[in-house]
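Let's take a walk through the charged pairs of this protein and see where they sit. Have the structure open as you read.

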Amino acid sequence: RVHARRGDPGAARVALNAARRIFVRAQARPWLDLVNAGIALLDVPLPAPSADTGALAALTDVERKVVALVAEGATNREIAGLLFVSVKAVEASLTRTYRKLGVRSRVDVARIAATSRPV
């Protein structure tokens, strides 16, 4: 979690794979699911701001990750689990995102994310 939060996906992947090996041997299914979700999150591409809108350029990396997961239809609870943060942190991130993008709903956020992805 620390490596992922610091923006070091390589170190995060190494640590998560080591944890996965331990949890497989221990047959700790809930922990294994959590680790697998963390690994899957490392593979989620961040939506890149397009040259014409630049809408996502004002967002932080965490906010862009939240936007990408919202665009995929994830709930706040699912996003919190994938990002290893609290639901309140996701809600706060969405509130800041709404304000920065000038929108009022998750649907609007998903639309902006979809139009900002490179073709």
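In which helix do D108 and R111 both lie, and how many residues apart are they? The two share helix α7, which covers residues 106-116, and they are 3 residues apart, about one turn of the helix.

## The overall picture

A word on the source first: this is a predicted model. The protein has 7 helices and 0 strands, so the pattern along the sequence simply reads α-α-α-α-α-α-α.

Of the 119 residues, 31% are buried. The protein exposes about 7,300 Å², with carbon and sulfur atoms supplying 57% of that area. As for how the chain meets itself, take the contacts between residues at least 6 apart in sequence: 53% of them join residues at least 24 apart.

## Salt bridges within a helix

Searching the whole structure turns up 5 salt bridges. Side chains of opposite charge can pair when their charged atoms come close. Back in helix α7, D108 and R111 form one of these bridges, with the closest N and O atoms 3.3 Å apart. D108 counts as partly exposed because its relative accessibility is 24%, while R111 is exposed at 53%.

Helix α3, residues 29-42, holds another pair. R29 bridges to D33, and their closest N and O atoms are 3.6 Å apart. These two are 4 residues apart in the helix, which means a separation of about one helical turn. R29 has 51% relative accessibility and so counts as exposed; the cut-off for exposed is over 50%. D33, at 38%, is partly exposed.

Then there is helix α4, residues 61-71, where D61 and R64 sit 3 residues apart, so about one helical turn separates them. Their closest N and O atoms are 2.7 Å apart in the salt bridge. How accessible is R64, buried or exposed? It counts as buried, because its relative accessibility is 17% and the cut-off for buried is under 20%. Its partner D61 is partly exposed at 45%.

## The network around E63

Which residues are linked with E63 in a network of salt bridges? They are R96 and K100. E63 itself belongs to helix α4, and it is buried, with a relative accessible area of 1%.

The side chain of E63 has polar partners too. One is the side chain of R96, in a polar contact at 3.0 Å. Another is the backbone nitrogen of T60, which the E63 side chain reaches at 2.9 Å.

Now leave aside the neighbours of E63 within four places in sequence. The residues in contact with E63 are then A58, S93, R96, T97 and K100. Both of its network partners, R96 and K100, appear in that list.

## Putting it together

Try viewing the charged groups one after another. In helix α3, R29 pairs with D33; in helix α4, D61 pairs with R64; and in helix α7, D108 pairs with R111. Each of these pairs is about one turn apart along its helix. The network of E63, R96 and K100 completes the tour, with E63 buried in helix α4.

Terms used: Residues are numbered from 1 along each chain as its sequence is written. This is a predicted model: local features need pLDDT of at least 70, side-chain atom pairs count only at pLDDT 80 or more; totals for chains, interfaces and linings use all residues. Side-chain values use heavy atoms; hydrogens and water are left out. A salt bridge is a side-chain nitrogen of Lys or Arg within 4 Å of a carboxyl oxygen of Asp or Glu. Buried means under 20% relative accessible area, exposed over 50%, partly exposed in between (1.4 Å probe, protein chains only). Contact means heavy atoms within 4.5 Å. Accessible areas come from the Shrake-Rupley method with a 1.4 Å probe; for residues, only the protein chains shown count as cover. A polar contact is a pair of N or O atoms within 3.5 Å; within protein, one must be able to donate a hydrogen and the other to accept it, and residues adjacent in sequence count only if both atoms are side-chain atoms.
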